[in-house]
Amino acid sequence: MSFQAMTWAVAQKCGSPSSKLVLLMLADHCNGHTGQCNPRHKRLAEACEMRVETLKDHLRKLEALGLITIVAQFAVGVQLPNQYILNLDVVGANTPGGGGEKHPGG
C-alpha cells in the first residue's frame, strides 16, 4: 500500500460511492516503490463486494475522469491482468475548485 496513493484517492471526487471505493481499493493495491497497481478483476471485485462487470464499469468511469490509466498487458497473445496507473501527478482535477495543477517537476 502507498500512503501517498491512499491520501490522493481520498481527496478525489469520483461521482459515486462505488467508484470512490474502487479507486481506494486500487490505491490500497498500489506498490509505493514501483507505482505498479495490477490486481486481478476478480480480486478487486471481491474487495469492493461487487460483480466483475460492475467493477469494469467503474474502472472505465475512473479512466474517463482522468483519475487512472488502464494499461492492457499481453504475453504471447494471452491477455494478462491489466496494470492500473493512478494519475497522482494531477492535483485537484476532480476536487472542488481544483484546476488540475501538476506537482512541481511533474
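## Helix α2 and its surroundings

In this predicted model, the buried residues of helix α2 pack against three other helices and two strands: α1 (3-11), α3 (41-48), α4 (52-64), β1 (68-75) and β2 (78-86). The residues of α2 that are buried are S19, V22, L23, L24, M25, L26 and A27.

The length of α2 can be checked by simple arithmetic. The helix runs over residues 17-28, which makes twelve residues. At 1.5 Å a residue the expected span is 16 Å, and the C-alpha atoms at the two ends are 16 Å apart, so expectation and model agree.

## Helix α3: a buried side and an exposed face

Helix α3 has contacts of its own, since its buried residues pack against α2 and α4. The buried residues of α3 are L44, A45 and C48. They lie on the same side of α3, because the arc that they cover around the axis is only 100°. A general rule helps in reading such a pattern: an α-helix has 3.6 residues a turn, so residues three or four places apart point the same way.

The face of α3 turned away from the buried side carries K42, R43 and E46, which are exposed. Just after the helix, E49 takes a positive phi of about 55°.

## Salt bridges

How many salt bridges does a search of the whole structure find? The search finds two. One of the salt bridges joins the side chains of R51 and E53, with a distance of 3.9 Å from N to O. For a salt bridge, the nitrogen must be within 4 Å of the carboxyl oxygen, and the pair R51 and E53 is accepted at 3.9 Å. R51 is exposed, with a relative accessible area of 55%, whereas E53 is partly exposed, at 49%.

A salt bridge also joins the side chains of R60 and D57, with an N to O distance of 2.5 Å. These residues both belong to helix α4 and are three residues apart, so about one helical turn separates them. R60 is partly exposed, with a relative accessible area of 48%, and D57 is likewise partly exposed, with 46%.

## Cysteines without disulfides

A disulfide is a covalent bond between the sulfur atoms of two cysteines. The structure holds zero disulfides. Why does C37 form no such bond with C30? The closest cysteine sulfur to that of C37 is in C30, 5.3 Å away, and this is too far for a bond. The cut-off used here requires the two sulfur atoms to be within 2.5 Å.

Is C37 buried or exposed? C37 counts as buried, because its relative accessibility is 0%. C14 is also buried, with a relative accessible area of 4%.

## N82 in strand β2

N82 is found in strand β2. Its relative accessibility is 11%, and N82 therefore counts as buried, since the limit for a buried residue is under 20%. The side chain of N82 makes a polar contact with the side chain of Q79, at 3.3 Å.

Which residues does N82 contact when its neighbours within four places in sequence are left aside? They are C37, N38, H41, I70, V71, A72 and Q73. One of these contacts is C37, the buried cysteine with 0% relative accessibility.

Methods:
Residues are numbered from 1 along each chain as its sequence is written. This is a predicted model: local features need pLDDT of at least 70, side-chain atom pairs count only at pLDDT 80 or more; totals for chains, interfaces and linings use all residues. Side-chain values use heavy atoms; hydrogens and water are left out. Helices (H or I, at least four residues) and strands (E, at least two) are DSSP runs, numbered from the N terminus. The expected span of a helix is 1.5 Å times one less than its number of residues. Buried means under 20% relative accessible area, exposed over 50%, partly exposed in between (1.4 Å probe, protein chains only). Contact means heavy atoms within 4.5 Å. A polar contact is a pair of N or O atoms within 3.5 Å; within protein, one must be able to donate a hydrogen and the other to accept it, and residues adjacent in sequence count only if both atoms are side-chain atoms. The arc is that of the directions from the helix axis to the C-beta atoms.
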